[in-house]
Amino acid sequence: MRVAIIGAGKMGQWFTKLFREEGFSVVVSSRTRSKAEALRAEFGVDVARSNVEAVDNADWILLCVSLDSLDAVLREIGSHVRPDQVVMDIGSIKEIPVNLLHKHVEHGVTLGTHPVFGPGARSLEGQNFVLTPVGDEEKRFAGEFRGWLEKCGAVVSVLSPRKHDELMSLVLGFPHFVGLVAGDTLMNNPNFVDAKAVGGATYKLLLTLAEAVSSEEPVFYSNLHMSLPEMEKIEGLFLSKVEEWLRMVKSKDCAGFSRKMGQVKKRLRELDPEYERAYRAMYRLLDDS
Ligand SMILES: NC(=O)c1ccc[n+]([C@@H]2O[C@H](COP(=O)([O-])OP(=O)(O)OC[C@H]3O[C@@H](n4cnc5c(N)ncnc54)[C@H](OP(=O)(O)O)[C@@H]3O)[C@@H](O)[C@H]2O)c1
């Protein structure tokens, strides 16, 4: 089995290592050739002179380029894909890439995929992986690919591209937004530096989120945020909740605040069976760090 990796950035490098470790033959093409050459030196992969050459002898073609390069790459390779080949993208949004796959790949099978982890993951073990097949042919291949991913330890979900993007609005977009707004708030507080020395677990948790999110690639995050379909709705609700809680603080409504906190606790407990375990584990982790 031969896999073509197109794009040798962070995720392209990650998947190259994975496929080599799993015994696949791998060919890599990249805009910056030195990145593909580095992968040849480290993992013994073949390096293609162009994206089209990489496609030529591959069974699976994995597009690991940034979202804003996907259209150009698919225009380049789309007409060269044969019916027995499979083209997958790994973008963190799915509706736009899946439409591009359908638009440009004339003959092969296509599949939208989303590894819901970053290049820091050690392996596929326990990692969430979403597949978004549309139509019978894609569903058939998704079943095959799912089997392989699960054999490697991944936890696979199959969703429509739209449902995926709605869920990612909550799973990725909202934590990014909260982390960035929290970071912006913290750094504008004159006590930011002194607070760290006396902060407990909840402060560490907030700081960890703010610092982890703000350390990521800004163009990637802003493209992602503007492409996710539910951000205005979720962040609009968040803003109205902030105002609701702030009104209680301003009016010193202690009883209202406690009542509201009790409601949140009760509802989260009802909705999330892992409520107790999750927050205890998080506190243990932070206390140990
Ligand atoms: N990073 C994450 O945590 C993460 C997680 C899950 C999914 N994803 C998805 O993975 C994809 C790649 O993300 P990434 O973090 O790996 O980005 P990245 O590090 O910026 O890598 C993208 C790579 O694509 C290459 N490229 C761009 N245009 C190309 C072209 N025309 N031909 C060949 N190569 C081309 C770039 O080449 P240059 O080196 O010349 O710029 C770069 O090396 C994105 O769709 C993203 O949504 C990322």
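**Exercise 1.** In this predicted model, determine in which sense strands E2 and E3 pair, and over how many bridges.

*Solution.* Begin with strand E3, residues 46-47, which pairs with E2 in the parallel sense, and two bridges connect them. Next, look for a particular pair of partners: Val28 has Val47 in E3 as its bridge partner. Finally, follow the chain itself, which leaves E2, passes through helix H2 (residues 33-43) and arrives at E3, making a β-α-β crossover that is right-handed.

**Exercise 2.** Find which strand besides E3 is joined to E2, and describe the unit that it helps to make.

*Solution.* Strand E1, residues 2-6, runs parallel to E2, and five bridges join the two. Within this pairing, Val27 in E2 has Ala4 standing opposite. When helix H1 (residues 10-21) is added to E1 and E2, the three elements make a β-α-β unit, and this unit is right-handed.

**Exercise 3.** Decide whether strand E2 is enclosed or open, and do the same for helix H11.

*Solution.* A residue counts as buried if 20 or more other C-beta atoms lie within 10 Å of its own. In E2, which covers residues 25-29, four of the five residues are buried, so the strand is largely enclosed by the rest of the structure. In H11, by contrast, the number buried is zero out of 20 residues, and therefore this helix lies largely in the open.

**Exercise 4.** Check the span of helix H11, residues 231-250, against what its 20 residues should give.

*Solution.* At 1.5 Å a residue, the helix should span 28 Å, and because its end C-alpha atoms are 28 Å apart, the two values agree. After H11 comes Lys252, which has a positive phi, near 50°.

Note on methods
Residues are numbered from 1 along each chain as its sequence is written. This is a predicted model: local features need pLDDT of at least 70, side-chain atom pairs count only at pLDDT 80 or more; totals for chains, interfaces and linings use all residues. A residue is buried if 20 or more other C-beta atoms lie within 10 Å of its own, exposed if 12 or fewer, and partly exposed in between; C-beta atoms are placed from the backbone. Two strands pair if DSSP finds at least two bridges between them. A crossover is right-handed if, with the strands pointing away from the viewer, the path from the first strand over the helix to the second runs clockwise. The expected span of a helix is 1.5 Å times one less than its number of residues.
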